[in-house]
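Me: I'd like a close look at just one part of this protein. Could you walk me through a single helix and what sits around it, in plain words?

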Amino acid sequence: MNWLREPDAEPIPGYRLICPLGTGGFGEVWKCVAPGNIQKAIKFVYGNINSLDDEGYRAEQEFRAVQKMKEIRHPFILSMERIDIVEGDLAIVMELADSSLHDLLQKYQAEGHPGIPRAKLLKYLRDAADGLDYLNECGLQHLDVKPRNLFLVGDRVKVADFGLVKNLDRQ
């Protein structure tokens, strides 16, 4: 990736990076300040779409997946707000979540609890199921549902990370 990723850099004009939030198999996510002084998240996808290597294939796969997702709107699906390709490098601007379900689990365990309290967890899982059902109704399947891809926004959960989304074949 050619974009500079460090605090205060502006890889996309008007989007100033604050700090890294995490990394995964397809890229890294940074907190940023967007135009209007609004906080967002930017996912920088590993690899260059124009490359013929494995990283290029993964970037192309992520790009195809976000193209399927960009029109999807649902209260329990994390919204994408901008998709940029600069010299083959892919960046996705998204709604900023508070944390992941995985982070919340670790917090409760660090406090000596066995996990997330049952009633709270069931509410979060209902949110995720509602979002995933909606994707299914739109003919899409997520294929990477896990606590690290379920994000807390306020007191609700939103499904995110759509790099492996596939069209469902219906006959």
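Reply: Here is a tour of helix H1 and its surroundings.

First, some ground rules: this is a predicted model, where local features need pLDDT of at least 70, side-chain atom pairs count only at pLDDT 80 or more, and totals for chains, interfaces and linings use all residues. Residues are numbered from 1 along each chain as its sequence is written, and side-chain values use heavy atoms, with hydrogens and water left out.

Helices (H or I, at least four residues) and strands (E, at least two) are DSSP runs, numbered from the N terminus. H1 covers residues 54-69, which makes 16 residues. From its first C-alpha to its last it reaches 23 Å, close to the 22 Å expected at 1.5 Å a residue; that expected span is 1.5 Å times one less than the number of residues.

Now for what is tucked away. Buried means under 20% relative accessible area, exposed means over 50%, and partly exposed is in between (1.4 Å probe, protein chains only). The buried residues of H1 are Gly-56, Ala-59, Gln-61, Glu-62, Ala-65, Val-66 and Met-69. They pack against strands E3 (38-45), E4 (80-86), E5 (89-95), E7 (140-141) and E10 (166-167), plus helix H3 (118-137).

Two glutamates in H1 make a nice pair to look at. Glu-60 lies in the helix, and it counts as partly exposed because its relative accessible area is 26%. Glu-62 lies in H1 too, but it counts as buried because its relative accessibility is 2%. Contact means heavy atoms within 4.5 Å. Leaving aside neighbours within four places in sequence, Glu-62 is in contact with Phe-26, Lys-43, Val-45, Leu-90, Ile-92 and Gly-163.

Next, the sheet beside the helix. Two strands pair if DSSP finds at least two bridges between them. There is an open sheet of 5 strands in the order E1-E2-E3-E5-E4, with antiparallel pairing. E1 (16-23) and E4 are its edge strands, each pairing on one side only, and the twist averages 25 degrees from one strand to the next. H1 lies across E3, E4 and E5, running at about 145 degrees to E4. Axes here are lines fitted to C-alpha atoms, for helices over the stretch in contact, and angles run from 0 to 180 degrees between N-to-C directions.

Zoom in on E4 and E5: they run antiparallel and are joined by 6 bridges. Met-80 has Met-94 in E5 as its bridge partner, while Ile-83 stands opposite Ile-92 in E5. The hairpin of these two strands has 2 residues between them, and Glu-87 takes a positive phi near 55 degrees there.

Finally, follow the chain out of the helix. Ile-72 is found in the loop between H1 and E4, and it counts as buried because its relative accessibility is 12%. Apart from neighbours within four places in sequence, its contacts are Ile-77, Tyr-134, Leu-135, Cys-138 and Leu-140. Ile-72 and Leu-135 are 63 residues apart in sequence, yet 7.9 Å apart in space, C-alpha to C-alpha.
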